[in-house]
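Reader: I should be grateful for a close look at a single part of this structure, namely its open sheet. Please explain how the strands are arranged and what packs against them.

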Amino acid sequence: MGLPDHHLTEGEQRIRSFHPHWRQLVVPFLALVVIVVASGAAMFYIPDFEYAGYARIAVAVISVGLLAVWSFVPYLRWKNTSYLITSHRLSIGTGVLSKSHDDIPMTKVNTVSAEQTLVERILGSGTLHVESAGEQGRIELRDIPHLQEVRAELFRAIDEADEPDEDDEDGGAGGAGGPEAKGDLDGTGRRRR
């Protein structure tokens with residue numbers, strides 16, 4: 001889900017990948033049930049007359065069209081919307097026929113806030129607001145499942161991205177003498193003889 005592992009950069013680790021909350025599928029599922037029941041009833045109650053076969057075909061064609069628009073397309077949108085949190089970025093993938101990926105580097109994220117209605121609190125979902133220093137500015141991600149866990153993981157990833165590497169503290173590659181020179185130092189920081 002999201003980016004395949006071979007698209008991750010060197011040292012980048014996948015933290016969490018997920019789709020929007022399943023509640024986005026409630027209306028498409030209800031539409032599926034209503035359309036199937038209504039079309040089945042319509043076909044059953046069509047009286048026998050000269051054009052009854054054409055009437056049943058018309059009901060079937062209309063039903064398939066409605067199912068495509070109100071059930072199948074929303075499901076495909078949900079299935080093809082993915083969020084990925086890695087140690088280096090937040091990636092948002094969207095699109096059914098043509099794919100679009102937006103990446104926000106963790107070092108560019110300024111603030112992360114969450115918003116939940118009462119129903120969303122019960123379901124554990126909500127809206128996540130991510131403000132970055134890049135071109136995107138403020139991004140609103142709706143229907144995020146396990147909102148508080150995702151928010152906490154995002155904060156951890158931001159904190160880890162802000163911490164300097166141990167190699168950077170030593171001047172790049174372990175100081176001037178390189179990594180092997182570190183073992184040649186005594187307790188005072190002087191080179192052993």
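Author: What follows describes the sheet, the helix on it and the core to which they contribute.

The model is predicted. Its open sheet consists of three strands in the order β5-β6-β7, and the pairing is antiparallel. The edges are occupied by β5, residues 109-115, and β7, residues 138-145; each has a single partner strand, so one side of each is left without a neighbour in the sheet. On average, neighbouring strands are turned by 20 degrees against each other, direction ignored.

The pairing of β5 with β6, residues 125-132, is antiparallel and extends over six bridges. In one of these strands, β6, residue S132 is the bridge partner of V109. Helix α4, residues 147-162, packs on the sheet and touches β5, β6 and β7. The direction of α4 makes about 170 degrees with that of β5.

The sheet and the helix also take part in the largest nonpolar core, which has 19 residues. Two or more residues of this core are given by each of β2 (82-86), β3 (89-94), β5, β6, β7 and α4. The largest share, five residues, comes from α4. Within the core, the residues that touch the most other members are I85, L128, V130, L141, I144 and L154.

One of these, I85, merits a separate description. Residues up to four places away in sequence aside, I85 touches Q13, R14, I15, R16, F18, L90, M106, V150, L154 and A157.

How values were computed. Residues are numbered from 1 along each chain as its sequence is written. This is a predicted model: local features need pLDDT of at least 70, side-chain atom pairs count only at pLDDT 80 or more; totals for chains, interfaces and linings use all residues. Side-chain values use heavy atoms; hydrogens and water are left out. Two strands pair if DSSP finds at least two bridges between them. Helices (H or I, at least four residues) and strands (E, at least two) are DSSP runs, numbered from the N terminus. Axes are lines fitted to C-alpha atoms, for helices over the stretch in contact, and angles run from 0 to 180 degrees between N-to-C directions. Contact means heavy atoms within 4.5 Å. A nonpolar core is a set of buried Ala, Val, Leu, Ile, Met, Phe, Trp, Tyr and Cys residues joined through side-chain atoms within 4.5 Å. Buried means under 20% relative accessible area, exposed over 50%, partly exposed in between (1.4 Å probe, protein chains only).
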